[in-house]
Amino acid sequence: MTTRLDRTANRALSPGLPARFSLTPKTTLAGRLDGAWWPRSRDLAAELPALTDALAGRWGRITRVLVHPGHWLVVPRKVAITGHVLHVGWFTEQDPDKVILLSYRTGRCDLLVIPPETEPASAARLMTAAALPGSILTAGSLMSGEAATSRRTREARSGEDTWESEGGAGPTPQPYPAAHPVVGARMIPLPGYMRVTTWRP
């Protein structure tokens, strides 16, 4: 993906859909991440206002954001946020699956960035894993682990589809009724001359 640095983006955006994110609960256990963010697009200028507004209650006013340029189509230098301007920086050395938000009041917040095209089940697993208190997993390791989990799930699903298409699923057809008495039926002994005997040579 080619990333373009936009030095002029400073547009006020109309309120859109709420941000999709998870945060670690307040605890003394410090982990590598403070949660996860699942943006709806790769348009950073369109996605940041909803995220920073949602985080303001816990982290205070977010003043600066640091991203990896490979995750976004355009990296604006400034983004207009409610009541102030957010400064955006980028570093190629930064984990591409992470965004760093800086606040004067609270300090630093590191969030896993879940790609917009991620399936909901995978995104839910990632949001839960990134919000575990005290986790030592990095953003990159969470993403690679989820990629392996998704691959195994697809392979298992493909195996089940093959099994069913080859007739491996469902009950075995029984052309004749099962040879057992009906539950609750009254058994009447047959007279001796009607009993079946097995002839053996």
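Which arginines gather in a patch of positive charge on the surface? They are Arg-151, Arg-152, Arg-154 and Arg-157. Here are my notes on this chain; please keep in mind that the model is predicted.

1. **The arginine patch.** Let me start with one member of that group. Arg-152 sits in helix H3, which covers residues 139–165. Its relative accessibility is 52%, and it therefore counts as exposed, since the cut-off for that class is over 50%. Together with Arg-151, Arg-154 and Arg-157, Arg-152 makes up the positively charged surface patch.

2. **Overall layout.** The chain has three helices and nine strands. In sequence order the elements run β-β-β-α-β-β-β-β-β-β-α-α. Of the contacts with a separation of 6 or more, 70% are between residues 24 or more positions apart.

3. **Burial and surface.** The chain has 201 residues, and 35% of them count as buried. Its accessible surface is about 13,200 Å², with 58% of that belonging to carbon and sulfur atoms.

4. **Salt bridge between two loops.** The whole structure contains four salt bridges. One of them pairs Glu-117 with Arg-42, at 2.9 Å from N to O. Glu-117 is in the loop between strand S9 (107–113) and helix H2 (120–130), while Arg-42 is in the loop between strand S3 (35–37) and H1, so this pair ties together parts that are 75 residues apart in sequence. The two partners are worth viewing side by side: Glu-117 is exposed, at 56% relative accessible area, whereas Arg-42 counts as buried, at 19%.

5. **Salt bridge between two strands.** Lys-98 and Asp-110 form another salt bridge, and their closest N and O atoms are 3.3 Å apart. Lys-98 belongs to strand S8 (residues 98–103) and Asp-110 to strand S9, so the pair links parts that are twelve residues apart in sequence. Both Lys-98 and Asp-110 are buried.

6. **Salt bridge between two helices.** Which residue does Glu-146 meet in a salt bridge? The partner is Arg-125, at 2.6 Å from N to O. Because Glu-146 lies in helix H3 and Arg-125 in helix H2, the pair ties together parts that are 21 residues apart in sequence. Glu-146 is buried, with a relative accessible area of 9%, and Arg-125 is partly exposed, at 37%. While you are looking at the charged pairs, note that Lys-98, Arg-108 and Asp-110 are joined into one network by salt bridges that share partners.

7. **A buried acid without a salt bridge.** I would take a look at Asp-97, in the loop between strand S7 (84–90) and S8. Asp-97 is buried but has no salt bridge, and the nearest side chain of opposite charge is that of Arg-42, 7.7 Å away. That distance lies outside the 4 Å cut-off for a salt bridge. Setting aside residues up to four places away in sequence, Asp-97 touches Leu-111, Leu-112, Val-113, Ala-139, Gly-140 and Met-143.

8. **Two alanines of helix H1.** Ala-46 is found in helix H1, residues 44–59, and Ala-54 has its place in helix H1 too. Ala-46 is partly exposed, with 37% relative accessible area, and the value for Ala-54, also partly exposed, is 37%. Ala-46 and Val-79 are 33 residues apart along the chain, with their C-alpha atoms separated by 8.7 Å. For Ala-54 and Phe-21, 33 residues apart in sequence, the C-alpha to C-alpha distance is 9.0 Å. Apart from neighbours within four places in sequence, Ala-54 is in contact with Ala-19 and Phe-21.

9. **A serine in strand S2.** Is Ser-22 buried or exposed? Ser-22 has 15% relative accessibility and so counts as buried, the limit being under 20%. This serine is part of strand S2, residues 21–23. Its C-alpha atom is 6.6 Å from that of Trp-37, a residue 15 positions away along the chain. Beyond its neighbours within four places in sequence, Ser-22 is in contact with Asp-34, Gly-35, Ala-36, Leu-111, Met-127 and Ala-131. Leu-111 also appears among the residues that Asp-97 touches.

Conventions:
Residues numbered from 1 in each chain as written. Predicted model: local features only at pLDDT ≥ 70, side-chain atom pairs only at ≥ 80, totals over all residues. Heavy atoms only, no water. Patch = residues over 30% accessible without salt bridge, like charges linked within 9 Å, V, L, I, M, F, W, Y side chains within 5 Å. Areas by Shrake-Rupley, 256 points an atom, 1.4 Å probe, with all protein chains shown as cover. Lys, Arg positive; Asp, Glu negative; His and termini not counted. Charge placed at Lys NZ, Arg CZ, Asp CG, Glu CD. Helix = DSSP H or I, 4+ residues; strand = E, 2+ residues; numbered from the N terminus. Buried < 20%, exposed > 50% of the residue type's maximum accessible area, 1.4 Å probe, protein only. Contact = heavy atoms within 4.5 Å.
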